[in-house]
Amino acid sequence: MSKHFVPENLPTHLKHYIGGAFVDSIGGETFEVLDPVTNTAYATAASGQKADIDAAVAAAREAFVNGPWPRMKARERAKVLYAIADAVVAQEDRLAEMETFDTGLPITQARGQAQRAAENFRFFADLIVAQHDTALKVPGTQLNYVNRKPIGVAGLITPWNTPFMLESWKLAPSIASGCTVVLKPAEFTPLSASLWAQIFEDAGLPAGVFNLVNGFGESAGDALVKHPDVPLISFTGESSTGQTIFRNCAEHLKGMSMELGGKSPAVVFADADLDAAIDSTLFGVFSLNGERCTAGSRILVERSVYDEFTERYAERAKNIVVGDPSDPKTQVGALVHPEHYAKVMSYVEIGKEEGRLLAGGGRPENLPEGQESGSYVAPTVFADVKPDARIFQEEIFGPVVAITPFDSDEEALSLANNTRYGLAAYIWTNDLKRAHNFAQSVEAGMVWLNSHNVRDLRSPFGGVKASGLGHEGGYRSIDFYTDQQAVHITLGDVHTPKFGAAPVAADVVAASSTNDQ
């Protein structure tokens with residue numbers, strides 16, 4: 001058995017980054033960061049409190065009000081964004097090693113994160129240069145145009161699954177738009193976020209544009225959401241946390257973009273390419289250790305192919321390689337943290353009462369030496385799950401899937417929509433009419449036909465119901481981080497009623513009032 005891989009030059013203490021400098025918490029608070037393979041602490045991190053958030057927001061506000069970044073031409077900002085992208089790609093191997101070590105994600109799945117993060121910066125660099133805004137005219141009378149300008153300090157709160165890449169989703173459009181930012185990364189996985197500061201410095205981003213405060217949601221996150229000088233909050237995470245943020249944003253009427261939980265259906269009709277559907281639905285729920293918001297964790301299968309599908313699916317699930325995340329052969333690694341492991345395992349036990357267990361159901365056997373205490377869960381498959389079951393209704397966020405049969409298109413749609421969530425949906429059929437009608441009727445912010453989650457960066461990303469508020473991606477991200485000010489220019493004479501210019505007879509006023517009505 002190979003020894004657990006530890007990246008070289010691993011930091012033992014992670015600081016905040018405020019106003020262009022690495023700093024500890026003002027009060028000296030810290031917390032431990034765990035390696036999910038051994039569940040032992042490998043570093044401490046500065047634990048942000050209200051005072052640290054205040055300092056970060058003050059630095060971001062100063063950079064926004066008096067710094068050069070919001071006033072730079074789009075092409076100049078784009079050059080910095082391209083330099084950021086190049087720096088991210090240059091660190092791809094280092095980043096993948098750190099991400100795998102910190103999150104438990106398999107190394108082969110972590111390797112693509114740097115390329116995707118870099119692409120986010122290139123994409124928004126191109127977008128701000130090519131962007132044009134509306135101009136409307138009434139010949140000889142009026143010209144109207146939109147003056148787009150950055151809103152201010154954006155508070156970015158990011159999750160622990162694929163943290164670096166998901167941070168880039170928010171950092172790239174907010175910075176491209178001319179905003180300054182305070183990033184609060186997830187407390188479980190602060191390691192890769194620590195790379196951003198040097199990347200930004202080397203690329204020429206002015207001090208204060210990017211600020212980072214580590215810490216917990218209850219302290220650092222709460223202070224960021226409530227800060228009166230932060231007009232925007234972009235949050236990705238669990239739905240109940242999103243509700244709390246929504247309430248706390250209300251006092252200052254902040255702009256909010258929230259991508260929340262999911263319990264997405266994958267609907268497999270009898271006429272689908274079954275081989276492709278099995279490949280895709282396996283990947284869709286077990287990749288990234290099942291810790292993905294868009295996971296197709298409810299698979300609905302037409303009854304005529306249900307037995308074949310479940311048998312083949314379970315057999316494949318049993319063969320998934322679970323092990324050391326740093327091993328290229330590994331397909332499912334360790335869950336991110338003991339707290340989350342305990343949550344997922346509790347659902348596994350609940351599932352044994354609610355469905356027919358076909359694969360998994362506990363810790364995998366034959367774990368690598370020294371990793372017996374790691375947060376490992378065998379890929380778990382439950383069949384014959386009823387729609388009122390907790391494992392059908394509630395987000396598990398781990399390598400656990402519920403499979404349910406249906407007999408008609410109407411029943412499939414009813415089952416697909418039968419949760420509080422509405423993030424994604426996956427439809428498998430070769431019937432074109434059915435595919436489009438079903439896609440347009442399903443309650444989901446995003447739908448994929450005959451595919452797993454493969455996304456064009458220009459398209460909107462977001463959910464409905466308990467899965468989110470607002471959309472990001474493409475121009476929708478630019479819309480979120482900017483104000484669109486309408487400017488009206490008069491080109492001709494304007495007829496203005498001359499109030500108070502001369503007395504008006506009472507009977508004329510009465511007649512005018514009657515006509516208006």
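A disulfide is a covalent bond between the sulfur atoms of two cysteines. In the terms used here, two cysteine sulfur atoms make a disulfide if they lie within 2.5 Å of each other. This structure, which is a predicted model, holds 0 disulfides. Cysteine 179 is in no disulfide, and its nearest cysteine sulfur, on cysteine 249, is 15 Å away. Cysteine 293 is likewise in no disulfide; for this residue the nearest cysteine sulfur, again that of cysteine 249, is 20 Å away. Cysteine 179 has a relative accessible area of 0% and is buried. Cysteine 293 also counts as buried, at 15% relative accessibility, because the cut-off for buried is under 20%.

Cysteine 249 leads to helix 8, which spans residues 239-249. The buried residues of this helix are Ser239, Gly242, Ile245, Asn248 and Cys249. An α-helix has 3.6 residues a turn, so residues three or four places apart point the same way. The buried residues of helix 8 pack against several elements: strand 8 (153-157), strand 11 (232-236), strand 12 (255-259) and helix 7.

Helix 7 covers residues 217-226, and its axis runs 9 Å from that of helix 8, at an angle of about 40 degrees. The crossing of helix 7 over helix 8 is right-handed. On the helix 7 side the contact is made by Asp222, Val225 and Lys226, and on the helix 8 side by Ile245, Asn248 and Cys249. Sorted by type, the residues of this contact are 3 nonpolar, 1 polar and 2 charged.

Two other residues of helix 7 show what else surrounds the helix. Serine 219 belongs to helix 7 and is buried, with a relative accessible area of 19%. Apart from residues up to four places away in sequence, serine 219 touches Gly48 and Gln49. Leucine 224 is also placed in helix 7, and its relative accessible area is 0%, so leucine 224 is buried. Its contacts, leaving aside neighbours within four places in sequence, are Ile53, Val57, Gly155, Leu156, Ile157, Val182, Lys184, Val230, Ile233 and Lys254. Leucine 224 and aspartate 54 are 170 residues apart in sequence, yet their C-alpha atoms are 8.1 Å apart in space.

The description now turns to the sheets. One open sheet has 3 strands in the order 1-5-4, with mixed pairing. Its edge strands are strand 1 (13-14) and strand 4 (30-35), each of which pairs on one side only. Strand 1 runs parallel to strand 5 (residues 40-46), to which 2 bridges join it. In one of these pairings, histidine 13 has threonine 44 in strand 5 as its bridge partner.

Another open sheet has 7 strands, ordered 15-16-17-14-13-18-19, and its pairing is mixed. Strand 15 (356-359) and strand 19 (446-449) have a single partner strand each, so they stand at the edges, with one side of each left without a neighbour in the sheet. On average, neighbouring strands here are turned by 20 degrees against each other, with direction ignored.

Within this sheet, strand 17 (residues 400-406) has neighbours on both sides, strand 16 and strand 14. Strand 16 (residues 380-383) pairs with strand 17 in the parallel sense over 3 bridges, and threonine 380 has valine 400 of strand 17 as its bridge partner. Strand 14 (residues 298-302) is joined to strand 17 by 5 bridges, and these two strands also run parallel. Here the bridge partner of arginine 298 is alanine 402 in strand 17.

How many residues of strand 17 are buried? The count is 7 of its 7 residues. Both faces of the strand are covered, with Val400, Ala402, Thr404 and Phe406 buried on one side and Val401, Ile403 and Pro405 buried on the other.

Helices lie across the strands of this sheet. Helix 10 (residues 303-318) lies across strand 13 (265-268), strand 14, strand 15, strand 16 and strand 17, and runs at about 140 degrees to strand 14. Helix 13 (residues 409-416) lies across strand 13, strand 14 and strand 17, at about 150 degrees to strand 17. Strand 17 is thus listed among the strands crossed by helix 10 and by helix 13.

Technical notes:
Residues numbered from 1 in each chain as written. Predicted model: local features only at pLDDT ≥ 70, side-chain atom pairs only at ≥ 80, totals over all residues. Heavy atoms only, no water. Axes fitted to C-alpha atoms, helices over the stretch in contact; angles between N-to-C directions. Helix = DSSP H or I, 4+ residues; strand = E, 2+ residues; numbered from the N terminus. Left-handed = near helix turned anticlockwise from the far one by under 90°. Contact = heavy atoms within 4.5 Å. Nonpolar A, V, L, I, M, F, W, Y, C, P; charged D, E, K, R; others polar. Buried < 20%, exposed > 50% of the residue type's maximum accessible area, 1.4 Å probe, protein only. Pairing = 2+ DSSP bridges.
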